[in-house]
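This briefing goes with the sequence and structure shown below. Its points are grouped by topic for a reader who is new to the structure.

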Amino acid sequence: MVRQKASAGTPATVALTAAGIPFAAHPYEHDPAAPSFGLEAAEALGVEPERVFKTLLVETDLGLVVGVVPVTGMLDLKALAAAVGAKRATMADPAVAERRTGYVVGGISPIGQKTRHTTVVDETAQLLDTVFVSGGRRGFDVELSPGDLLAATGGAFAAIAK
């Protein structure tokens, strides 16, 4: 992977560049009719879907939390709540997610969010050399190591996918 310039950057690429975290930018042609943004990204980029992770904003009794899970699975809300010490967790309203992250649904990156949130990445990411997450807009992913993803988000690994 090569360190990218943030010339035409999103908040995610600007944050990665500012932190000195290496990443690879992967733009692709987004189809608005695609039923799954993550599976669309995997297919368009020609990578295994298990390497592409989706970013979900969740409301807990402790506040908003970001869950990052493979697009091939689903977020386990109980597991995410337990991972952050909360009693309950529900999916955040899409309008709240957009307002708090600064990104549009389908392009929410776990990196460079407007408001920094507690972030939990599914532990399966550790099995991979690199993972793909949204780069901050639909049709744009960034590839980076799981460790660098944690560094960029201040996150932690936990079993949160089912």
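Thr115 sits in the loop between helix H4 (94–101) and strand E5 (118–122). The model is a predicted one. With a relative accessibility of 27%, Thr115 counts as partly exposed. Thr101 is 14 residues away from Thr115 in sequence, and the two C-alpha atoms are 5.9 Å apart in space.

**A second loop position**

- Pro22 is found in the loop between helix H1 (11–19) and E1.
- Pro22 is partly exposed, at 26% relative accessibility.
- Pro22 and Val142 are 120 residues apart along the chain, while 10.0 Å separates their C-alpha atoms.

**The sheet**

- Three strands form an open sheet in the order E1-E7-E6, and the pairing is antiparallel.
- Strand E1 (24–27) and strand E6 (131–137) are at the edges; each has a single partner strand, so one side of each has no neighbour in the sheet.
- From one strand to the next, the twist averages 35°.
- E6 and strand E7 (residues 140–144) run antiparallel and are joined by five bridges.
- Ser134 has Asp141 in E7 as its bridge partner.
- As a general point, strands of a sheet pair through backbone hydrogen bonds, either parallel or antiparallel.

**Nonpolar cores**

- The largest nonpolar core has 24 residues, of which Leu16, Val68, Ile111, Val133, Val142, Leu144 and Leu149 touch the most other members.
- At least two residues of this core come from each of H1, strand E2 (53–60), strand E3 (63–70), E6, E7 and helix H5 (146–153).
- Another core, of twelve residues, lies apart from this one; among its members are Leu56, Leu75, Val120 and Ile160.
- Beyond its neighbours within four places in sequence, Ile111 is in contact with Ala12, Ala15, Leu16, Tyr103, Val133, Leu144, Leu149, Ala152 and Thr153.
- In soluble globular proteins, nonpolar side chains tend to be buried together.

**Helix H2 and Glu40**

- Helix H2 covers residues 37–45 and contains Glu40.
- The buried residues in H2 are Gly38, Glu40, Ala41 and Ala42, and E7 is included in what covers the buried residues of this helix.
- Which side chain of opposite charge is nearest to Glu40? That side chain is Arg138, 8.0 Å away, and Glu40 is buried without a salt bridge.
- Not counting residues up to four places away in sequence, Glu40 touches Tyr28, Glu29, His30, Asp31 and Ala34.
- Gly46, just after H2, takes a positive phi of about 70°.

**Salt bridges**

- How many salt bridges does the count come to? The count comes to two.
- One of them joins Arg51 to Glu48, with the closest N and O atoms 3.6 Å apart.
- Glu48 has a relative accessible area of 43% and is therefore partly exposed.
- Arg51 also forms a salt bridge with Glu143, at 3.1 Å from N to O.
- The pair of Arg51 and Glu143 links distant parts of the chain: Arg51 is in the loop between H2 and E2, Glu143 is in strand E7, and they are 92 residues apart.
- Why does Glu143 count as buried? Its relative accessible area is 13%, and buried means under 20%.
- Glu48, Arg51 and Glu143 are thus linked in a network of salt bridges.
- In general, side chains of opposite charge can pair when their charged atoms come close.

How values were computed:
Residues numbered from 1 in each chain as written. Predicted model: local features only at pLDDT ≥ 70, side-chain atom pairs only at ≥ 80, totals over all residues. Heavy atoms only, no water. Pairing = 2+ DSSP bridges. Helix = DSSP H or I, 4+ residues; strand = E, 2+ residues; numbered from the N terminus. Axes fitted to C-alpha atoms, helices over the stretch in contact; angles between N-to-C directions. Buried < 20%, exposed > 50% of the residue type's maximum accessible area, 1.4 Å probe, protein only. Lys, Arg positive; Asp, Glu negative; His and termini not counted. Salt bridge = Lys/Arg side-chain N within 4 Å of Asp/Glu carboxyl O. Contact = heavy atoms within 4.5 Å. Core = buried A, V, L, I, M, F, W, Y, C linked by side-chain atoms within 4.5 Å.
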